[in-house]
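The exercises below are meant to be worked with the sequence and the coordinates side by side. Try each task before reading the solution that follows it.

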Amino acid sequence: MNNIKSEDIKEAALKYFTIHGYEGASLALIADDAGIKKQSIYSHFKGKDDLFLQVLSDAKETELQAVEEYFNKYASGGAKQSLHGFLLFLINLFQENEHLRFWLRMTFFPPAHLAEMVEEDVIDMEKRIYALLYEKFQGWITAGEIEQQDANIPARAFLGVTDSLMIELTYGKEEHSLKNKLNAFWTVYWRGISVR
């Protein structure tokens, strides 16, 4: 028997959960993809729920790390460039990163019996991203780049813009529609917060 690791099983599970959802992803298919027998999964995970929740946790941490990395490395060009760049970064991340596609699908359509646990992860994710954004907005306000006095307002509004973009990425089918909506979101948002 090969030396299968939990990570190999989670990688196979990520693919099937993303494509087929929780209900359509069978442990037999996941095991086959990982090159093991179905029973071997139980030596790594308690069952399908445990496997799903661990894959979800990995996806959440992958997205958080990517967001933190973006703001730590690339958000030094001022508010306008940093925020618009972040929206483009999210689109690229969604198109290239299977973890983000899985995260979005499962947060919109969680398995009913795990919905409460998924919701807790979503709330935690939003709080952590909000804290990061709040700090950035506070700096931009202090630097005089943003008109608001309270960093809470533009930070929360920006989360609304990113949420709208995520819905378009999840449901939208046409590339030009995504570009048009991104342009509309950005134009109205930036006009509302920038110093006149």
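**Exercise 1.** In this predicted model, determine in which helix Asp 121 is found, whether Asp 121 counts as buried or exposed, and which residues beyond its sequence neighbours are in contact with it.

*Solution.* Begin with the secondary structure, which places Asp 121 in helix H6. Next, take the relative accessibility, which is 18% for Asp 121; because buried means under 20% relative accessible area, Asp 121 counts as buried. Finally, leave aside the neighbours within four places in sequence, and the contacts of Asp 121 that remain are Leu 56, Lys 60 and Trp 103.

**Exercise 2.** Classify Leu 132 and Glu 135 as buried or exposed, and relate each of them to a residue distant in sequence.

*Solution.* Helix H6 holds Leu 132, and Glu 135 is likewise found in helix H6. Leu 132 has a relative accessible area of 17%, so it is buried, whereas Glu 135, at 60% relative accessibility, counts as exposed, the cut-off for exposed being over 50%. Turning to distances, Leu 132 is separated from Val 67 by 65 residues in sequence, yet their C-alpha atoms are 9.0 Å apart in space. For Glu 135 and Gln 65, the separation in sequence is 70 residues and the C-alpha to C-alpha distance is 17 Å. Once neighbours within four places in sequence are set aside, Leu 132 is in contact with Val 67, Glu 68 and Phe 71.

**Exercise 3.** Describe how H1 departs from a straight helix, and state which elements help to cover its buried residues.

*Solution.* First compare the length with the span: H1 has 19 residues, but its end C-alpha atoms are only 21 Å apart, short of the 27 Å that a straight helix would reach at 1.5 Å a residue. Then look along the axis of H1, where a kink of about 85° is centred on Thr 18. Thr 18 is itself among the buried residues of H1, which also include Ile 9, Leu 14, Phe 17 and Tyr 22. As a last step, examine what covers the buried residues of H1, and H2, H3 and H5 are found to be included.

**Exercise 4.** Work out which residues touch the most other members of the largest nonpolar core, and which helix gives the most to this core.

*Solution.* The chain has 8 helices and 0 strands, and buried residues make up 42% of its 196 residues. The largest nonpolar core contains 65 residues, of which Ile 30, Phe 52 and Phe 137 touch the most other members. Each of the helices H1 to H8 supplies at least two residues of this core, and H3 gives the most, with 11 residues. Taking Phe 137 as a case, and not counting residues up to four places away in sequence, its partners include Leu 83, Pro 154, Phe 158 and Ile 193.

**Exercise 5.** Characterise the largest pocket by its volume, the residues closest to its centre, and the helix with the largest share of its lining.

*Solution.* The volume of the largest pocket is about 410 Å³. Among its 19 lining residues, those closest to the centre are Trp 103, Val 122, Glu 126, Asp 163 and Met 166. The helices H3, H4, H5, H6 and H7 each supply at least two residues of the lining, and the largest share, 6 residues, comes from H7.

Technical notes:
Residues are numbered from 1 along each chain as its sequence is written. This is a predicted model: local features need pLDDT of at least 70, side-chain atom pairs count only at pLDDT 80 or more; totals for chains, interfaces and linings use all residues. Side-chain values use heavy atoms; hydrogens and water are left out. A nonpolar core is a set of buried Ala, Val, Leu, Ile, Met, Phe, Trp, Tyr and Cys residues joined through side-chain atoms within 4.5 Å. Buried means under 20% relative accessible area, exposed over 50%, partly exposed in between (1.4 Å probe, protein chains only). Helices (H or I, at least four residues) and strands (E, at least two) are DSSP runs, numbered from the N terminus. Contact means heavy atoms within 4.5 Å. The expected span of a helix is 1.5 Å times one less than its number of residues. The bend at a residue is the angle between axes fitted to the seven residues ending there and the seven starting there. On a 1 Å grid over the protein atoms alone, a cavity is a set of points where a 1.4 Å probe fits but cannot get out, and a pocket is an open set with protein on both sides within 12 Å along at least five of seven lines; lining residues have an atom within 4 Å of a point. Grid points are joined across faces, edges and corners, and a volume is the space filled by probe spheres set on the points.
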